[in-house]
Amino acid sequence: MSRSVLAVGTHPGDIEFGCAGTLAAHRAAGDSVTMLVLTCDGPDTLRSRQAEAAARELDCLLVWGPQAAERRSRDRRSHTRGHHDRRSHRQGPGETWPGLISSAAMTVAAIENVLTGVDADVIYVHAPEDANAEHRAAAVATLSAARHSSRILHYAGESTLLFTPALFVDISPFLGRKLAALAEAPAPVDPELPTGTARHFGAQARVRYAEAFAPARFVWDLAVAEVPARAA
């Protein structure tokens, strides 16, 4: 059964560092994946083009937060894509983007608009214990927007202060995709850092390379076989 996945990050590069290998694994499994980046320098800037290149590397749909905040509910729609369909949600003619979402309420609205628009059933977002105030705010806003969702997983970033993972994803086949996406992202990252981090989490998970998550909520919907009735 394919899933719809939403990954939320404050800045370009946040999602790639925190969970790019997992997103690549989702795409390999046939899941649709949307990357929501809450801040933007504006349309067709160097950073926005770099972020779009990183999303293409992961074969994910990229949505910008300022644009999502302004989207009306009637414009919400499901995004269905083939495995090789790589698209970025671009601005329309004459449309302008603010650099930041201007309020907490607008941030929640932006996340909720995208979450309901793609009908996400798995959500990834920053860990709440973070030195970056915008990362903390994104985590709080996502929990509010996803208050009815049953699968919310926090990922660690470079500025995370406290992180106690309880769920791991084996990204051994996808580490190269993660590093390639980080190479496209605006903020340069020494490949040794994400590689070493993935090896560290892999050792905890007893695999080669892993990404780790701290669940806010996680419901495992195992298929239940029909149990035959007992004979009288």
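**Exercise 1. Confidence**

What is the mean pLDDT of the protein, and what share of its residues reach 70 or more?

Solution. The model is predicted. Its mean pLDDT is 85, and 81% of the residues reach 70 or more. Residues 72-98 stay under 50 in pLDDT, and the model has 54 contacts beyond four places in sequence for them. Where pLDDT is low, the predicted coordinates should not be read in detail.

**Exercise 2. Overall layout**

Give the number of helices and strands in the protein, and the order of its elements from the N terminus.

Solution. The protein has seven helices and seven strands. From the N terminus on, the order is β-α-β-α-β-α-α-β-α-β-β-α-α-β. Of the 232 residues, 49% are buried. Among contacts with a separation of 6 or more, 80% are between residues 24 or more positions apart.

**Exercise 3. Strand β5**

Determine how many residues of β5 are buried, which way they point, and how β5 runs relative to β4.

Solution.
- Burial: five of the five residues of β5 are buried.
- Direction: Arg151, Leu153 and Tyr155 point one way, while Ile152 and His154 point the other way.
- General rule: in a regular strand the side chains alternate between the two faces of the sheet.
- Pairing: β4 and β5 run parallel and are joined by four bridges. Leu153 in β5 is the bridge partner of Tyr124.

**Exercise 4. Aromatic pairs**

Classify the aromatic pairs and state which parts of the chain each one links.

Solution. The count comes to two aromatic pairs, with ring centres within 6.5 Å as the cut-off.

Step 1. The ring centres of Tyr124 and Phe213 are 5.0 Å apart and the planes stand at 50°, so this pair is tilted. Tyr124 belongs to strand β4 (residues 122-126) and Phe213 to strand β7 (residues 210-218), so the pair ties together parts 89 residues apart in sequence. Tyr124 has a relative accessibility of 4% and counts as buried. Phe213, at 0%, is also buried.

Step 2. Phe163 and Phe201 form an edge-to-face pair, with 6.2 Å from centre to centre and 65° between the planes. Phe163 lies in the loop between β5 (151-155) and β6 (167-170), and Phe201 lies in helix α7 (residues 192-205); the two are 38 residues apart. Phe201 is buried, with a relative accessible area of 12%.

Step 3. One further ring has a charge over it. The charged end of Lys178 sits over the ring of Phe17, 5.9 Å from the ring centre.

**Exercise 5. Helix α2**

Compare the span of α2 with the expected value, then list its buried residues and name elements that cover them.

Solution.
- Span: α2 (residues 46-58) has 13 residues and reaches 19 Å from its first C-alpha to its last, close to the expected 18 Å.
- Buried residues: these are Ser48, Ala51, Glu52, Ala53, Ala54, Ala55 and Leu58.
- General rule: an α-helix has 3.6 residues a turn, so residues three or four places apart point the same way.
- Cover: the elements over the buried residues of α2 include α1 (14-28), β2 (32-37), β3 (61-64) and α6 (175-184).

**Exercise 6. Positive phi**

For Asp59 and Asp119, where does each residue lie, and is each buried or exposed?

Solution. Asp59 follows just after α2 and lies in the loop between α2 and β3. Asp59 has a positive phi of about 60° although it is not a glycine. At 4% relative accessibility, Asp59 is under the 20% cut-off and therefore buried.

Asp119 has a positive phi of about 55° and is likewise not a glycine. The residue is placed in the loop between α4 (104-118) and β4. With a relative accessible area of 57%, Asp119 is over the 50% cut-off and therefore exposed.

**Exercise 7. Two buried residues**

Place Ser149 and Trp64 in the chain, and describe what Ser149 contacts and how far Trp64 is from Pro12.

Solution. Ser149 lies in the loop between α5 (133-145) and β5. Its relative accessible area is 13%, and Ser149 is buried. Leaving aside neighbours within four places in sequence, Ser149 is in contact with Leu115, Ile123 and Arg217.

Trp64 is in strand β3. At 1% relative accessibility, Trp64 counts as buried. Trp64 and Pro12 are 52 residues apart in sequence, and their C-alpha atoms are 9.7 Å apart in space.

Terms used: Residues are numbered from 1 along each chain as its sequence is written. Side-chain values use heavy atoms; hydrogens and water are left out. Rings of Phe, Tyr and Trp (its six-membered ring) pair if their centres lie within 6.5 Å; planes under 30 degrees apart count as stacked, over 60 as edge-to-face and the rest as tilted. Buried means under 20% relative accessible area, exposed over 50%, partly exposed in between (1.4 Å probe, protein chains only). A charge sits over a ring if NZ of Lys or CZ of Arg is within 6 Å of the ring centre and within 35 degrees of the ring normal. The expected span of a helix is 1.5 Å times one less than its number of residues. Contact means heavy atoms within 4.5 Å. pLDDT is the predictor's confidence in each residue, from 0 to 100. Two strands pair if DSSP finds at least two bridges between them.
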